[in-house]
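Me: Please take a close look at one part of this model, the largest cavity and what surrounds it. Where cut-offs are used, state them.

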Amino acid sequence: MSVEDSAIASRRAPLLAPGVGWGSIGVLAFSVTFPASAAALPAFGAVTVGLGRAVPAALLGAVCLLATRAVRPTRSQWRRLVLVAAGVVVGFPLCSALALRDTTSAHSAVLVGLLPAATAALAVLRGGERPRWPFWAACGFGVVTVLGFAMIQGAGQIRVADLWLLAAVGCAAMGYAEGGVLARELGGWQVISWALLIALPVTVAVTAVNLASGPWHSPDFHAWLGFAYVSVVSQFAGFYAWYRGLAEGGIAKISQLQLMQPVLTLVWSALLLSEEITPANTAGAVLVIAAVAVTQRTRDRVTAADPR
């Protein structure tokens, strides 16, 4: 190859591996979700912040689907979209919002740091693979670390808020794993748009009843800004980038980018909410990230399951 050909090839070569750029944007968007939710909670309440955020996001999704005349999903895809909606439209937002009533954004970030391992585990099981024992050992270490951190923070016991956070992790992992596969068939923004529309009857009804029953405090600027962020960015734009990244780069590889999400959330919690980042927060985040990093490395060396 001549020097000129090499220069042309280098100019055409992508700066990042497929999906990394979009995945990084998604992680950055999600990292602000807990601080934004915490800012909106005092005024709107957990149910409105958890489920009400999906209503404006669904309207955005509907506009995009109509404007592009998107093809309707098949019957099989509809069933899988229900899992996505249950996981990332209803389950994770509601469970995390309920948890944030009784704990800090920084504390929540450590527990949700287990999400990449949970996503990888579901992706492995869904793909019919048989990971080697280091994968499951690292997952177990991560779970033990998270539970130990929660017990230390809870004076020797697991608090209700921690259980809500663990439930949120399970819901998000299911939605990420299924949505990442669907994004290869439908496209990233179509997946979250259809999932939001599937859940719209539930989110509208529950939000309306919750707002009507009151009481709720008059929102200030920070509360409106937090609610706007979780609606437009966390629930829609972030998923556009995240699912596109998973589709282009693969669930196993792109999910490694979530290793930075707990650290970013800790930083945002300190900057935006003035929360104190304790040594326990930092140590817990480091241990969880280390455990998840091992699961991601061993994830690449799995063996296919016997189809029988």
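Reply: What follows covers the model as a whole, then the cavity, a ring pair at its lining, a neighbouring helix residue and the largest pocket.

This is a predicted model, in which local features need pLDDT of at least 70 and side-chain atom pairs count only at pLDDT 80 or more, while totals for chains, interfaces and linings use all residues. Residues are numbered from 1 along each chain as its sequence is written, and side-chain values use heavy atoms, with hydrogens and water left out.

The protein has 15 helices and two strands (DSSP runs numbered from the N terminus, with H or I over at least four residues for helices and E over at least two for strands). Of its 308 residues, 48% are buried (under 20% relative accessible area with a 1.4 Å probe and protein chains only; exposed is over 50%, and partly exposed lies in between). The protein exposes about 14400 Å², with carbon and sulfur atoms supplying 68% of that area (Shrake-Rupley method, 1.4 Å probe; for residues, only the protein chains shown count as cover). For contacts between residues at least 6 apart in sequence, 90% join residues at least 24 apart (contact means heavy atoms within 4.5 Å).

Rolling a probe the size of a water molecule over the atoms shows where empty space is left. On a 1 Å grid over the protein atoms alone, a cavity is a set of points where a 1.4 Å probe fits but cannot get out; a pocket is an open set with protein on both sides within 12 Å along at least five of seven lines; lining residues have an atom within 4 Å of a point. Points are joined across faces, edges and corners, and a volume is the space filled by probe spheres set on them.

The search of the whole structure finds one cavity of 30 Å³ or more. The largest cavity has a volume of about 220 Å³. Its lining has 22 residues, and Phe30, Thr33, Phe92, Tyr176 and Gln261 lie nearest the centre. By class, the lining holds 13 nonpolar, eight polar and one charged (Ala, Val, Leu, Ile, Met, Phe, Trp, Tyr, Cys and Pro are nonpolar, Asp, Glu, Lys and Arg charged, and the others, Gly among them, polar). Helices that each supply at least two lining residues include helix 6 (75-100), helix 8 (115-126) and helix 12 (221-249).

Eleven aromatic pairs are counted in total (ring centres of Phe, Tyr and Trp, its six-membered ring, within 6.5 Å; planes under 30 degrees apart are stacked, over 60 edge-to-face, the rest tilted). Phe30 and Tyr176 have ring centres 6.2 Å apart and planes at 15°, so this pair is stacked. Because Phe30 lies in helix 2 (residues 20-31) and Tyr176 in helix 10 (residues 160-186), the pair ties together parts 146 residues apart in sequence. Phe30 is buried at 7% relative accessibility, and Tyr176 is buried at 4%. Ring pairs also link Phe30 and Tyr176 with Phe239, Trp242 and Tyr243 in a cluster.

Helix 10 also holds Ala172, which is buried with a relative accessible area of 1%. Beyond its neighbours within four places in sequence, Ala172 contacts Gly87, Val88, Phe92 and Leu115.

The largest pocket contains about 230 Å³ of space. Helix 12 gives the largest share of the pocket lining, four residues. The pocket lining has eight nonpolar, two polar and no charged residues.
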